Amino acid sequence: MSDATPEFDDHRTPVAITGLSADDPHLQPAAKNPQTVEGVIATTFVLGLLLMAGFGAAYVVNAKPYILGATMGFGLFFFGVGLVAWGKYLMPRGPFVEERHDLAGSSDERDAFAAAIVERGGGVVKRRKLLAGLLGGGLGVFSLVALFPLLRSLGPLPKGTLFYTDWRKGTYAVDSTGRRVSVGDLAIGSIVTVFPEGTENTDRGQAVDQTVLVRISNENFVTQKGRETWGPKGYLAYSKLCTHLGCPIGLYEQQLQLLVCPCHQSMFNVTNGAIPQFGPAPRPLPQLPLYIDSSGYIRAQDDYDQPVGPGFWERRTA
Amino acid sequence: MSDATIPTNPRARKRAEGRYGKIGKALDELDDRLGVAKGGRTFMDKIFPDHWSFMLGEIALYSFVILLVTGVFLTFYFVPSSAVVIYHGSYLPLDGQRVTQAFESTVNISFKVRGGLLMRQMHHWACDIFVGSLVVHMARVFFTGAFRKPRELNWTVGLTLLILAIANGFLGYSLPDDLVSGTGIRITYSIVLSIPFVGSYLAFWVFGGNFPGTATIPRFFILHVLIVPLIILGLVGAHLFLLVRQKHTQFPGKGKTEKNVVGSPMFPVFIAKTTGFLFIVGGVTALLASFAQINPIWQFGQYQASRISYAVQPDWYMGFLDGALRIFPSWEFTGFGHTWPLEIFIPAVLFPGILFNVAYAWPLIERKFTGDNEMHNLLDRPRDRPKRTAIGASVLALLAMLFIASSTDVIANFFHVSLQTVVWAMRVLVIVSPLIAYPLTYKICLELQGIKRGGKRKTPNVVSRSVEGEYIATPTPAYHADEEHELTAVPLPTFIDEESETPRESGVRTVER
């Protein structure tokens, strides 16, 4: 570093903050015209103060939320800008320097520390191996046992609840208001969400049993081999739970006869047994076998033949 | 003390108080009891670097402060319960509907509690800013190599803070029990369910039974308002303690070495600037909350497991996971008598698991490759470490593409293209973008390095006037106060060979690194 032009150098070389004389250039404000800057900052403070008072007034008269927010927001903002400007332009401009001290201790200190732990502590443990082993083992067992109430009490075991819904032989299909759906209710191309009767307002009915009923013709409709009787009078029922992540399949593309999941856009073709046509869903929607009773009501032949909704470990491969 | 010892004469009283008056006296008393003088002086003199990029962490800290303040306000009025009530409040479109107390109380905070909507929206905006500033702060630390020895521990603390912030953001926006958040919980439930071996047990224990259950909201509430914030608070304390203990890093520059810190002192300069900055962050949050509506749950309605709406997107920081779930192929595998829902497990559990674990291990990974075990207090310019910069850019490109992929339905709708096209385009982009980003960034870094004196000041001329009135401009060497310290690369560590820049026969200098 040359020392040819010390006059340029005075305030740009970092110095330690201690022991500076009051007229040291590092302690001078950065602003060329501090008076003007002080005026500007004072203005922001006054504005901030007025806005804060406005915030108080707005709160008292219960003004609209955006007026509350605007007065408080601009108030804080002006205070903040003024304060930052004060620090930046009117306070000692520096730059100042601080030395770093080595974090590491001397090798003697390190050795003493390590000795305290390894020799003193290690000696104790080695002399009393039985006690140390018992303590360690005991704490280990206790940690495991403590996990039991911590985890196990949090909820029931899944048991069979993931495998079955509340659809049974003869269960009436009702809409969200609890009204039984009968054969004349749906025009071709329309859909309705149905539940097993009595579950339409329960959590389980809503989350597990929800079924989408779609009518695609007037004749019995066969989606797959072995499902010859499942679609009486063109009524098809599928689980409304997406086989991807369990969102309700809320969209029906009438022209293409696709059920679409609004979450991740899996598409299921209702005419071939809801085989996924596109998207991340891995499996067809389970189909609910239906029949129409003598009074014209739509009822289930049985529960779904497989678990509904997203995949899980215990789900069997069939 | 008897009355007689208190001088009545003001000047004498002042003299009796000592050189620094009442405050000095109070500090003396404090020092007698706590011994604060020595450390306090050092703390007042603590130097903070002036570079703007050090402000990013402050944004995070202050948005966390705003979260705490507005969050305390919200807990006074929020009822964390799934009990069903009939809504009869000031928002008429919902009148008479069956809603949970969680939803009802959130609507009431928005419309009935004075200042409630402002506080709710500030809370939500502050959360988005919090996570955003954490990400940008972390990118700064990554690209400048601030995570290197001795700061590896603080890198892991910071990364944990990011993960906790994302988790708590999710827990928080799940609380109002509206149609969007409920769908988010449903998806999370299915993600937990997808974990091999233990998924169904975990899901039943975390959520207290089969979905939806009534335990979710009370549990999420206590996690969101107490447990996670407490851990965050503790880790913020640890983060700042380590920062003070190890002192700041700094960019190379005039008078800056590995052995010092250059900048402004804690008191009064930094205190003034940073307090002002707290006000600015608070002000901007309040203004966003006033003029940019966020999460209008009364428009979404009460969550019902059989209902859903179009354009279900989570908060932005969950977007990359949602995007990954959208574009991942439907690879459910059945075998060994079990179902392996890999189409969920890989994008939503394995991928973030790998991502965050690599991030945790990054300081070690980098050391493994560079063999660099030295202490670093001076920062790298990103261009001087092209491989690291290119890897970072590559990961950011991947995350950005996954984020965009979380809106495939909206994009398809907006541009009137088929959803299939958008999904396939995103699948390609997610793979291709990182592959392009790496060599591109690497090349740009080398080009930037290659520009000698790029961005530097021109050589100064001294302009003088002769006696005859003639002006002469004489080029002079830069006076040392103008040396371009900030723009010169850090000296390479001794264990890295500096490449020779031998001119080829053509005389064209080729840079091979």
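In this predicted model, chain A contains an open sheet of 4 strands with the order β6-β7-β8-β9, and the pairing is antiparallel. The edge positions are taken by β6 (251-253) and β9 of chain A, each of which pairs on one side only. From one strand to the next, the twist averages 35°. Within this sheet, strand β7 (residues 258-260) of chain A is joined to strand β8 (residues 267-269) of chain A by 3 bridges, and the two run antiparallel. One position in this pairing is given by A:V260, whose bridge partner in β8(A) is A:M267.

Other strands of chain A also pair. Strand β3 (residues 191-196) of chain A pairs with strand β2 (residues 173-174) of chain A in the antiparallel sense over 2 bridges. In this pairing A:V174 has A:F195 in β3(A) as its bridge partner. Strand β3(A) is also joined by 4 bridges to strand β4 (residues 211-215) of chain A, and these two strands run antiparallel. Here A:V194 stands opposite A:T211 in β4(A). In a regular strand, side chains alternate between the two faces of the sheet.

A further sheet is built from both chains. It is open, has 3 strands in the order β1(A)-β4(B)-β1(B), and its pairing is antiparallel. β1 (96-99) of chain A and β1 (47-48) of chain B stand at the edges with a single partner strand each, so one side of each has no neighbour in the sheet. Between the chains, β1(A) and strand β4 (residues 260-265) of chain B pair in the antiparallel sense over 4 bridges. Helix α11 (residues 266-291) of chain B packs on this sheet, touching β1 and β4 of chain B, and its direction makes about 70° with that of β4(B).

The table below lists residues that stand opposite one another, or are bridge partners, in the strand pairings described above.

| Residue | Opposite residue or bridge partner | Strand of the second residue |
|---|---|---|
| A:F96 | B:G263 | β4(B) |
| A:V97 | B:V262 | β4(B) |
| A:V174 | A:F195 | β3(A) |
| A:V194 | A:T211 | β4(A) |
| A:V260 | A:M267 | β8(A) |

The contact between the chains takes 79 residues from chain A and 86 residues from chain B. On the side of chain A that touches chain B, at least two residues each are supplied by α1 (6-9), α3 (65-90), β1, α6 (203-209) and β9 (275-278) of chain A. The largest share of that side, 18 residues, comes from α3(A). By residue class, the side of chain A that touches chain B divides into 45 nonpolar, 22 polar and 12 charged residues. Two of the contributing elements have already been met as strands: β1(A) is in the sheet shared with chain B, and β9 of chain A is an edge strand of the sheet in chain A.

Chain B is divided into domain 1 (3-35) and domain 2 (61-321). The C-alpha centres of domain 1 of chain B and domain 2 of chain B lie 47 Å apart.

A helix pair in chain B can be described in detail. Helix α6 (residues 116-143) of chain B and helix α7 (residues 152-174) of chain B have axes 10 Å apart and pack at an angle of about 160°. The two helices α6(B) and α7(B) are therefore roughly antiparallel to each other, and their crossing is left-handed. From α6(B), residues B:C127, B:F130, B:V131, B:L134, B:V135, B:M138 and B:V141 meet residues of α7(B), namely B:W155, B:G158, B:L161, B:L162, B:A165, B:I166, B:G169 and B:G172. The residues of this contact of α6(B) with α7(B) divide into 12 nonpolar, 3 polar and no charged.

Some backbone details remain. In chain A, a cis peptide bond joins A:G94 and A:P95, with omega about 0°. A:P95 is found in the loop between α3 and β1 of chain A; both of these elements supply residues to the side of chain A that touches chain B. In chain B, a cis peptide bond joins B:F267 and B:P268, with omega likewise about 0°. The place of B:P268 is in helix α11 of chain B, the helix that packs on the sheet shared by the chains. B:N295 is not a glycine, yet it has a positive phi of about 50°. B:N295 lies in the loop between α11 and α12 (297-300) of chain B.

Definitions and conventions:
Residues numbered from 1 in each chain as written. Chains lettered and ligands numbered in written order. Predicted model: local features only at pLDDT ≥ 70, side-chain atom pairs only at ≥ 80, totals over all residues. Pairing = 2+ DSSP bridges. Contact = placed C-beta atoms within 7 Å. Axes fitted to C-alpha atoms, helices over the stretch in contact; angles between N-to-C directions. Nonpolar A, V, L, I, M, F, W, Y, C, P; charged D, E, K, R; others polar. Domains from an automatic or database assignment. Parallel < 35°, antiparallel > 145°, perpendicular 65-115°, else oblique. Left-handed = near helix turned anticlockwise from the far one by under 90°.
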